[in-house]
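Good morning, and thank you for making time for this presentation. I should like to walk through one sheet and then several charged pairs. Please keep the structure in view as I speak.

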Amino acid sequence: MAVVEIDRPRDGVAIIRLNRPEVRNALNTEVRELLAAAVEELNRDDDVGAIVLTGGDTVFAVGADLGEQAGRDVVGAIRAYTHQAFWYSGKPVIAAVNGDAFGGGNEFILQCDFVIAAENARFAQTEVTIGLVPGGGATQRLPRAIGRQNAMYALLTGAPMSADDAHRLGYVSEVVAGNAVDRAVELAALIASRPRLAVRQIKEVVRLGLDTSFEAGIALERRGYQLMFGTHDLREGFASIQEGRPPKFTGD
């Protein structure tokens with residue numbers, strides 16, 4: 001059985017699923033490389049419009065594989081494989097979280113575009129509890145997601161955050177009863193039905209704009225707006241409204 005699986009539950013939607021239940025989906029080098037390869041594969045697939053990242057029904061991922069981590073020295077840590085494939089994915093990635101998302105598991109979620117959580121979901125950056133500093137982006141992305149003080153509380157205590165608290169802080173978009181994957185797939189299908197070039201531009205402008213000045217961000221947005229006037233889908237969108245019919249987008 002593969003430790004990283006790809007499913008295609010609906011047209012336009014792909015699920016990347018972590019599958020190491022015997023170690024609570026701990027993240028070792030093999031898993032990180034397979035996740036990166038899966039994202040790259042799906043970004044090349046024109047049939048996929050949106051991606052869902054998930055783990056198991058009772059645990060998302062508990063973080064780095066401590067068996068692999070414990071044997072590292074400084075050189076090994078420098079050489080350790082990390083990737084930001086979800087952050088740089090040209091296609092939207094929705095995190096569907098059931099159970100615990102700790103350490104590196106939570107850092108993968110921070111790379112996603114938004115989060116759907118089950119009621120049993122918990123989020124934590126637990127590195128401090130064993131003497132580590134987060135190494136997958138949490139010190140930079142978590143303050144941007146929930147504010148500096150809330151992030152410092154989470155990073156310095158290592159305390160888990162409930163799904164409801166994460167929703168209150170704006171980290172989680174929706175908390176659902178039952179399995180988070182069902183709702184995430186529903187939303188992914190909706191996004192996949194939207195004009196693909198517009199979706200891609202929105203994601204890129206938001207990602208780049210947050211790391212630059214407000215004025216530069218506005219300029220990026222304006223350029224994205226202008227570019228859409230060269231697309232078939234915008235013309236189709238206008239025509240569908242004028243003719244009172246559903247649009248038929250082609251991704252062009």
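Let me begin with the sheet. Four strands make up an open sheet, with mixed pairing, and their order is β4-β6-β8-β9. The edge positions belong to β4, residues 59-61, and β9, residues 161-162; each has a single partner strand, so one side of each is left without a neighbour in the sheet. I should add at once that this is a predicted model.

As a general reminder, the strands of a sheet pair through backbone hydrogen bonds, in either a parallel or an antiparallel manner. In our case, β4 runs parallel to β6, which spans residues 100-102, and two bridges join them. If you look for a point of register, A61 is placed opposite A101 in β6.

A helix also belongs to this picture. Helix α5, residues 104-111, lies across β4, β6 and β8, the last of these being residues 122-124. Relative to β6, helix α5 runs at about 90°.

I turn now to the charged side chains. Side chains of opposite charge can pair when their charged atoms come close. How many salt bridges does a search of the whole structure find? The search finds 12, and I shall discuss some of them.

One lies within the sheet we have just considered. R122 and D100 meet through their side chains in a salt bridge, at 2.9 Å from N to O. This pair links distant parts of the chain, since R122 is in strand β8 and D100 in strand β6, 22 residues apart. Are the two partners buried or exposed? D100 has a relative accessible area of 9% and is therefore buried, the limit for that term being under 20%. R122, at 35% relative accessibility, counts as partly exposed.

A second pair is formed by R8 and E41, whose side chains meet in a salt bridge at 4.0 Å, N to O. Here too distant parts of the chain are linked: R8 sits in strand β1, residues 4-10, and E41 in helix α1, residues 29-44, with their positions 33 residues apart in numbering. R8 is partly exposed, at a relative accessible area of 43%, and E41 is partly exposed at 37%. This pair also has company, as R8, E41 and D45 are linked in a network of salt bridges.

Finally, consider E174 and R183. Their side chains meet in a salt bridge of 2.9 Å, N to O. E174 counts as partly exposed at 25% relative accessibility, and R183 counts as partly exposed at 25%.

Definitions and conventions:
Residues numbered from 1 in each chain as written. Predicted model: local features only at pLDDT ≥ 70, side-chain atom pairs only at ≥ 80, totals over all residues. Heavy atoms only, no water. Pairing = 2+ DSSP bridges. Contact = heavy atoms within 4.5 Å. Axes fitted to C-alpha atoms, helices over the stretch in contact; angles between N-to-C directions. Buried < 20%, exposed > 50% of the residue type's maximum accessible area, 1.4 Å probe, protein only.
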